[in-house]
Amino acid sequence: MFLTEAFNVDPVGELDFTTELLYSNFSNYSAWHHRCRLLLILKASKYELYRDTLEADLELCKSAIFTQPSDQSVWFYANWLAKESALIKESLVNACKELEALEPDKHPLVVLFLAENTENGANQYYDTLARIDPMRAGLYSRMKNMQKDL
């Protein structure tokens, strides 16, 4: 972001650039990360564009989740989006539930998103994670216990 600011690059143009990068490859973690930073700039200066971009990004993010549910880069952005808007969070949770219903117990990252973003029933998702990803069962157990403490 330092270079973007140092060279006075238009954040809207940069946002368009990251959109092109993501449409060519959803796995571009740098583009997702740069997009978060750009949207925070827009949030402060061009709120309507920020809001419209969040809505469009919801669809982009859901497409990436359904296309490549095991790709960690999209989950970084999905979690960021969920923190920016309760409505977007709800829509992402519903999309994840739909994918989980279509392909149950197949995508640990989908189930992890549900566990971290669902108030009721999170324990069942942590139990599912422990079953489908036994290598990390201890981690999921600790996460489940931490959630109980909150």
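**Exercise 1. Cysteine sulfurs**

Work out how many disulfides this predicted model has, starting from Cys-61 and Cys-96.

*Solution.*
- Start at Cys-61: the closest cysteine sulfur sits in Cys-96, at 8.4 Å.
- Now go the other way. For Cys-96, the closest cysteine sulfur is the one in Cys-61, again at 8.4 Å.
- Bring in the cut-off: a disulfide needs the two sulfur atoms within 2.5 Å. The distance of 8.4 Å is therefore too far for a bond.
- The count of disulfides comes to zero.
- While you're there, look at accessibility. Cys-61 has 0% relative accessibility and counts as buried, and Cys-96 is buried too, at 0%.

**Exercise 2. The pair α4 and α5**

Find out how helix α4 is placed against helix α5, and which residues meet there.

*Solution.*
- Get the geometry first. Helix α4 covers residues 47-67 and helix α5 covers residues 72-84; their axes are 10 Å apart, at an angle of about 140°.
- Put a word to the angle: α4 is oblique to α5. An angle has to be over 145 degrees to count as roughly antiparallel, so about 140° doesn't get there.
- Add the handedness: the crossing of α4 and α5 is left-handed.
- List who meets whom. α4 brings Tyr-50, Leu-54, Asp-57, Leu-58, Cys-61, Ala-64 and Ile-65, while α5 answers with Val-74, Trp-75, Tyr-77, Ala-78, Trp-80, Leu-81 and Glu-84.
- Sort that contact by class: twelve nonpolar residues, two charged and no polar ones.
- Note that Cys-61 from the previous exercise turns up in this list, on the α4 side.

**Exercise 3. The pair α5 and α6**

Do the analysis for α5 against α6.

*Solution.*
- The axes of α5 and α6 come within 5 Å, and they cross at roughly 135°.
- The two helices are therefore oblique to each other.
- From α5, the contact takes in Trp-75, Ala-78, Leu-81, Ala-82 and Glu-84; from α6, it takes in Ala-86, Ile-88, Lys-89, Leu-92 and Cys-96.
- By class, you get eight nonpolar residues, two charged and no polar ones.
- Cys-96 of the disulfide exercise sits in this contact, on the α6 side.

**Exercise 4. The pair α3 and α5**

Which word fits the angle between α3 and α5: parallel or oblique?

*Solution.*
- The axes of α3 and α5 cross at roughly 20° and come within 8 Å.
- The cut-off for roughly parallel is under 35 degrees, so α3 counts as roughly parallel to α5.
- The crossing is right-handed.
- On the α3 side you'll find Tyr-29, Trp-32, His-33, Arg-35, Cys-36, Leu-39, Leu-40 and Lys-43. They meet Ser-73, Val-74, Phe-76, Tyr-77, Trp-80 and Glu-84 of α5.
- The class tally for α3 with α5 is nine nonpolar, two polar and three charged residues.

**Exercise 5. A backbone oddity**

Locate Asp-105 and say what stands out about its phi.

*Solution.*
- Asp-105 is in the loop between α6 (86-102) and α7 (108-117).
- Its phi is positive, about 60°, although Asp-105 isn't a glycine.
- Here's the background: most residues other than glycine have a negative phi.
- As for exposure, Asp-105 has a relative accessible area of 32%, which makes it partly exposed.

**Exercise 6. Two residues in their surroundings**

Place Pro-11 and Arg-37 in their helices, then look at what lies around them.

*Solution.*
- Pro-11 belongs to helix α2 (residues 11-24). Its relative accessibility of 16% counts as buried.
- Skipping neighbours within four places in sequence, Pro-11 touches Leu-38, Ile-41 and Leu-42.
- Pro-11 and Asn-123 are 112 residues apart in sequence, and their C-alpha atoms are 41 Å apart.
- Arg-37 is in helix α3 (residues 29-45), and it's partly exposed at 40% relative accessible area.
- Leu-15 is 22 residues from Arg-37 along the chain, with 9.8 Å between their C-alpha atoms.

**Exercise 7. The whole chain**

Sum up the fold in a few numbers.

*Solution.*
- Count elements: nine helices and zero strands.
- Get the extent: the C-alpha trace spans about 50 × 35 × 25 Å along its principal axes.
- Check burial: 41% of the 150 residues count as buried.
- Finish with contacts. Of those between residues at least 6 apart in sequence, 56% join residues at least 24 apart.

How values were computed:
Residues are numbered from 1 along each chain as its sequence is written. This is a predicted model: local features need pLDDT of at least 70, side-chain atom pairs count only at pLDDT 80 or more; totals for chains, interfaces and linings use all residues. Side-chain values use heavy atoms; hydrogens and water are left out. Buried means under 20% relative accessible area, exposed over 50%, partly exposed in between (1.4 Å probe, protein chains only). Axes are lines fitted to C-alpha atoms, for helices over the stretch in contact, and angles run from 0 to 180 degrees between N-to-C directions. Helices (H or I, at least four residues) and strands (E, at least two) are DSSP runs, numbered from the N terminus. Angles under 35 degrees count as roughly parallel, over 145 as roughly antiparallel, 65 to 115 as roughly perpendicular and the rest as oblique. A crossing is left-handed if the near helix is turned anticlockwise from the far one by less than a right angle, and right-handed if clockwise. Contact means heavy atoms within 4.5 Å. Ala, Val, Leu, Ile, Met, Phe, Trp, Tyr, Cys and Pro count as nonpolar, Asp, Glu, Lys and Arg as charged, and the others, Gly among them, as polar.
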